[in-house]
Amino acid sequence: RGQREQRTELALRRLEEVLGQWDEWAAGLRPFPPPVTDSKDVLARVGQATWPTPPAADADRLKKMAERELSKARGSLPSGRVWP
């Protein structure tokens, strides 16, 4: 698992580097954009990166908490309109 994470981090660092080169070119600080092959290579590497599974339980818990809080707020608004 450590090697996959390291490859992903290296791919992201390379992506930042290439995007920085594009920014420099767009700002007129560089005479040419980075080579297209560099951009294609970094996109391929990032596409192969493994991403962690988001913590669905935490998101579901936060959603339910927000629903509870919103249900408490239902009623009249300062404008006189009624919250659905």
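Q: How many helices and how many strands make up the secondary structure of the protein chain?
A: This is a predicted model, and its protein chain can be described by the elements met along the sequence. Read in that order, the chain follows the pattern α-α-α. The secondary structure therefore comes to three helices and zero strands, counting helices as DSSP runs of at least four residues.

Q: What percentage of the residues of the protein chain count as buried?
A: A residue counts as buried when its relative accessible area is under 20%. The accessible surface of the chain comes to about 7300 Å², and 59% of this surface belongs to carbon and sulfur atoms. Of the 84 residues in the chain, the share that counts as buried is 12%.

Q: Which residues form a nonpolar patch on the surface?
A: One member of the patch, Trp 22, is found in helix H1, which covers residues 2-26. Trp 22 has a relative accessible area of 30%, and it is partly exposed because this value falls between the limits of 20% for buried and 50% for exposed. The patch has about 280 Å² of accessible area together, and its residues are Leu 19, Trp 22 and Trp 25.

Q: Which residue meets Arg 45 in a salt bridge?
A: Arg 45 lies in helix H2 (residues 36-47), and its partner lies in that helix too, four residues apart, about one turn of the helix. Arg 45 is partly exposed at a relative accessible area of 46%, and the partner also counts as partly exposed, at 32% relative accessibility. The side chains meet at 3.2 Å, N to O, which is within the 4 Å limit and therefore counts as a salt bridge, and the partner is Asp 41.

Q: In which helix do Asp 60 and Lys 64 both lie?
A: The side chains of Asp 60 and Lys 64 meet in a salt bridge of 3.3 Å, N to O. Asp 60 counts as partly exposed at 37% relative accessibility, and Lys 64 is partly exposed with a relative accessible area of 45%. These two residues are four residues apart, about one turn of the helix, and the helix, spanning residues 56-73, is H3.

Q: How many salt bridges does a search of the whole structure find?
A: One of the salt bridges joins the side chains of Lys 63 and Glu 67 at 3.8 Å, N to O, and both of these residues lie in helix H3. Elsewhere, salt bridges that share partners join Arg 14, Glu 17 and Asp 38 into one network. For the whole structure, the number of salt bridges found is seven.

Terms used. Residues numbered from 1 in each chain as written. Predicted model: local features only at pLDDT ≥ 70, side-chain atom pairs only at ≥ 80, totals over all residues. Heavy atoms only, no water. Patch = residues over 30% accessible without salt bridge, like charges linked within 9 Å, V, L, I, M, F, W, Y side chains within 5 Å. Areas by Shrake-Rupley, 256 points an atom, 1.4 Å probe, with all protein chains shown as cover. Buried < 20%, exposed > 50% of the residue type's maximum accessible area, 1.4 Å probe, protein only.
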